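Q: Could you take a close look at one buried helix in this model and the loops on either side? I'd like to see how that part is covered, and then how the rest of the assembly fits around the picture.

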Amino acid sequence: MKSLSDKIFTKIKSEKIQPRPAWQFRIKKLLFWLMAVLATLVSGLSIGLVAHSAASQDWTIYSDNRFLFSSELISDIPYFWLLAVIIALVIAYLIIRQSNTGYRYSGIFIIVCCFLTSLIIGSTLFATGASRVVDTTLNNDFPAYNSVNDQLIKNWSQPNNGYLGGIILSQAGQTIKLQDFKGKVWQINLDNLKIPTNSKEFIGEKVRIVGRETDQNDFKAQVIYVWNNCKALFSANACD
Amino acid sequence: MTKPQIIKAKIGALTDEEIVALTLKNKDFYLHIMKRYETKLSRYITRIANLRPEDSEDILQEVFLKAYLNLYDFDRKLKFSSWIYRICHNEVISFWRKKKPENADLQLFENSLHIAITSPIYQELEIKLNKEKIDIILAQMPINFREIMVLRYFEEREYAEISDILKIPINTVGTLISRAKKVFKKLSVQNKIEF
């Protein structure tokens, strides 16, 4: 009676079964590792964008008691990129775990290694300014993408809450005219604020104003900051 | 010694990995690999899966064909035995999920009796342990615990080999064996079985 081995061997010979060629396995392994590298890169890029978002946030607004723990603060957290970091790390983990030798390492070890690699990539992208470029590019190419800048504009378009942003159109005495991001023109009252001698140079400047809405088109300023940093143009005491 | 006997003796002295290398040049050598593993894998399948002999044979055939088709995927860093046991493990799990056998306990018991008669390794173990009692308890264990007990104590595999077969970290192998022993002990108390 034929053994099972003999039967299988006869089948292999009669059906001319051949082992799959080596190149198929090489390509499979290559694609496998490319996916792992890609997932780690996406995770790194996401970390870079989270860092860019954190660095670009207007921390002065968050330090204001009126803003603290408000819904705006919660909505400013870059959930999309944080979620992208987690998903990319999980994918990288699953791919590495399924590799020829990945199972030898504990899950925590693999996740920590992937996260540290992503952190290095993310830090490099942030430090070199690549994260900002990606954020701007995504904003330009994908209208649905809510860039860090969009978030800042949203934060500074709340005159009823005391936050107003826009471009200075003119200045006369204790009043400046400001056009907000929706195109509305405001009269900004600068009473009690120091007016620098070079204040005319601020015309055309993009600014952020903390204050109080006093009428439909009137706003009383407590402090006026340059858009991109916390340099105060008009204040009782300069912040820098 | 006749010429075929000389060839057989020479091949017998080769490692699995050497025969695999030869198989890639000449498929006739694959028969020697199958001969080496037929009994071992058959016993392994029967022990962990509680299947009818026909089903076990189907799985084993699938294992040998898959191993042959994927010979170029064999990682030389592993032992060939670990690699083929891994394929076997995957096939058994896949079969088990698709078609969990009925009356599993009874079948395992009957299969074990059959193996006890035919397997010298099993007979050796029988001297050390009470086979029937062990089988009753093993049959009640979850498949993951049962498999790790079979690999460690019946197939006598090292932790590193079990790690390669089951694709789990070595530390997890130790943890699983420890848990499996506890389950085994608990079941032996429940069944009022003493060793």
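**A covered helix and its flanking loops**

A: B:K167 comes out as partly exposed, at 21% relative accessibility (with a 1.4 Å probe and protein chains only, buried means under 20% relative accessible area, exposed over 50%, and partly exposed in between). This is a predicted model, so local features need pLDDT of at least 70 and side-chain atom pairs pLDDT 80 or more, while totals for chains, interfaces and linings use all residues. Residues are numbered from 1 along each chain as written, chains are lettered from A and ligands numbered from 1 in written order, and side-chain values use heavy atoms, leaving out hydrogens and water.

Back to B:K167. This lysine sits in the loop between α10 and α11 of chain B, and it comes after α10(B). Its backbone is worth a look: phi is near 55°, a positive value in a residue other than glycine. Helices here are DSSP runs of H or I with at least four residues, strands are runs of E with at least two, and numbering goes from the N terminus.

Now for α10(B) itself, which spans residues 159-166. How many of its eight residues are buried? Six of them are, so to speak, under cover, and the helix counts as mostly covered. The buried set is B:E161, B:I162, B:S163, B:D164, B:I165 and B:L166. Note that B:E161 and B:D164 are on that list. The cover over these buried residues includes α3, α5, α9 (143-154) and α11 (170-190) of chain B.

On the other side of α10(B), the loop between α9 and α10 of chain B holds B:E156. There too phi is near 55°, a positive value in a residue other than glycine. Buried or exposed? B:E156 is exposed, with a relative accessible area of 53%, whereas B:K167 is partly exposed at 21%.

Two of those covering helices deserve a closer visit. Take α3(B) first: it runs over residues 30-49, and B:R36 lies in it. B:R36 is partly exposed, with a relative accessible area of 26%. Setting aside neighbours within four places in sequence, B:R36 is in contact with B:I11, B:G12, B:L14, B:T15, B:D16 and B:I19 (contact means heavy atoms within 4.5 Å). Of these partners, B:G12 is 24 residues away from B:R36 in sequence, and the C-alpha atoms of the two are 9.3 Å apart in space.

Then there is α5(B), residues 80-98, which packs against α4(B) at an angle of about 135° with the axes 9 Å apart. Axes are lines fitted to C-alpha atoms, for helices over the stretch in contact, and angles run from 0 to 180 degrees between N-to-C directions. The two helices are therefore oblique to each other (under 35 degrees is roughly parallel, over 145 roughly antiparallel, 65 to 115 roughly perpendicular, and the rest oblique). On the α4(B) side the contact uses B:D55, B:I59, B:E62, B:V63, B:F64, B:K66 and B:A67. On the α5(B) side it uses B:W83, B:I84, B:I87, B:C88, B:E91, B:V92 and B:F95.

Follow α4(B), residues 53-69, a bit further and you reach the other chain: α1(A), residues 4-14, packs with it at about 45°, axes 11 Å apart. That makes α1(A) oblique to α4(B). From α1(A) come A:L4, A:K7, A:I8, A:K11 and A:I12, and they meet B:E57, B:L60, B:Q61, B:F64, B:L65 and B:Y68 in α4(B). B:F64 thus turns up in the contact with α1(A) and in the one with α5(B).

Zooming out, chain B has 11 helices and zero strands, which along the sequence reads as an unbroken run of α elements, α-α-α-α-α-α-α-α-α-α-α. Of its 195 residues, 49% are buried. Taking contacts in chain B between residues at least 6 apart in sequence, 65% join residues at least 24 apart. Chain A, by comparison, has eight helices and seven strands. There, 38% of the 240 residues count as buried, and 59% of contacts between residues at least 6 apart in sequence join residues at least 24 apart.
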